[in-house]
Amino acid sequence: MKKCLIFLFVIIGLSACKKDANDSAYDKSYKAWQNFKAESKNSYTYTVNAGSVFGYGSETKITVQNGVVTARDFSSYVLEYKTANMPPVKTIREQWHEDKTSLNQHSSGAASITLDQVYQKAKNEWLAADKKTNTIYFETNNDGMISGASYVPNGCQDDCAIGISISEIKAL
C-alpha cells in the first residue's frame, strides 16, 4: 500500500511538472498580467508604439483607473536623418491629450482599450491568425507581460504587421 501511494504521488508530481512545461507563452504572460492587475488595483498606464520602415511613428499612452480607460496621450513623429554619422532627429507631427470628457475625439492613436481587452484581442485575433499564411509573433518584455502580439502575412515586405506593440506598462 505504501509503495502504491508513493507511486501515485510521483505520477501526480510528474503530471504537474508536465503541465507547467506546456504552459504557452501567452498563458504565462496572462498570469503575469493578472498578478500585476491585482497589485496595481487595475490602475495603470501602457504605451502603444507604431512605426514604419519609412521613418514615421507614433506613441499612444493609455491611462486606466479601476479598470476603466480615463485618458489617451498621443504623439506622432517623423525621423529625419540630417547627416550620415548622426542619430536621426525626431520631429513631432501631431500631439494631443484626451481625458474622460474628451475620450475618443481623435481618430489617430491606439484604441482606448484596457489590457484585459488587449489580451483578448491577442488571443482571439492576432495569435489566432492562420499559421499557414502568416508569421505570428508574441513577446513579453514588460516584466513577463505582453510587449508584442501580431501577425505578418507571408511574403509581405514592409509595414505589414497587424497587432500591437507595447513599450511600457506601469502601475499608477
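**Group meeting: aromatic pairs and salt bridges in a predicted model**

Let me start with one residue. Y119 is buried, with a relative accessible area of 0%. Keep Y119 in mind. We will come back to its partners.

First, a word on confidence. This is a predicted model. The average pLDDT over the chain is 88, and 87% of the residues score at least 70. Now the exception to watch. Residues 1–22 have a pLDDT below 50, and beyond near neighbours in sequence this stretch has one contact in the model. Where pLDDT is low, the coordinates should not be read in detail. I will leave that stretch there.

Now the aromatics. The count comes to ten aromatic pairs. Take Y26 and Y119. Their ring centres are 5.8 Å apart and the planes sit at 65 degrees, so this pair is edge-to-face. The cut-off for that label is over 60 degrees. Where are the two residues? Y26 is in helix 2, residues 25–39, and Y119 is in helix 3, residues 115–126. They are 93 residues apart, so the pair links distant parts of the chain. Y26 is buried too, at 9% relative accessible area.

Y26 has another ring partner, F138. Here the centres are 6.0 Å apart, with 50 degrees between the planes, and the pair is tilted. F138 lies in strand 5, residues 134–139, so its pairing with Y26 in helix 2 ties together parts 112 residues apart in sequence. F138 is partly exposed, with a relative accessible area of 22%.

Step back a little. Y26, Y119 and F138 belong to one aromatic cluster. The other members are Y30, W33, F36, Y44 and Y46.

Next, charges. How many salt bridges are there? The count comes to three.

One is K37 with D116. The closest N and O atoms are 2.7 Å apart. K37 is in helix 2 and D116 in helix 3, 79 residues apart, so once more distant parts of the chain are linked. D116 is partly exposed, at 23% relative accessibility.

Another is E98 with R72, at 2.8 Å from N to O. E98 sits in strand 4, residues 89–98, and R72 in strand 3, so the bridge ties together parts 26 residues apart in sequence. Buried or exposed? Both E98 and R72 are buried.

Then there is E125 with K121, where the closest N and O atoms are 3.7 Å apart. These two are four residues apart in helix 3, which puts about one helical turn between them. E125 is partly exposed at 40%. K121 is partly exposed as well, at 31%.

Now the strands. K61 is in strand 2. K61 is partly exposed, at 37% relative accessibility. Which residues does K61 touch, beyond four places in sequence? They are T45, Y46, T47, A71, R72 and D73. R72 is the salt-bridge partner of E98, and Y46 is in the aromatic cluster. The C-alpha atoms of K61 and T45 are separated by 6.6 Å, with their positions 16 residues apart along the chain.

S75 is in strand 3, residues 68–80. S75 is buried, at 14%. Leaving aside neighbours within four places, S75 contacts G57, S58, E59, I92, E94 and Q95.

Last, the surface. V53, F54 and Y56 form a nonpolar patch there. Together they have about 350 Å² of accessible area. Y56 is in strand 2, residues 56–65. Y56 is partly exposed, at 44% relative accessible area.

Key: Residues are numbered from 1 along each chain as its sequence is written. This is a predicted model: local features need pLDDT of at least 70, side-chain atom pairs count only at pLDDT 80 or more; totals for chains, interfaces and linings use all residues. Side-chain values use heavy atoms; hydrogens and water are left out. Patches are made of residues with over 30% relative accessible area and no salt bridge: like charges are joined within 9 Å, nonpolar side chains (Val, Leu, Ile, Met, Phe, Trp, Tyr) within 5 Å. Accessible areas come from the Shrake-Rupley method with a 1.4 Å probe; for residues, only the protein chains shown count as cover. A salt bridge is a side-chain nitrogen of Lys or Arg within 4 Å of a carboxyl oxygen of Asp or Glu. Buried means under 20% relative accessible area, exposed over 50%, partly exposed in between (1.4 Å probe, protein chains only). Contact means heavy atoms within 4.5 Å. pLDDT is the predictor's confidence in each residue, from 0 to 100. Rings of Phe, Tyr and Trp (its six-membered ring) pair if their centres lie within 6.5 Å; planes under 30 degrees apart count as stacked, over 60 as edge-to-face and the rest as tilted.
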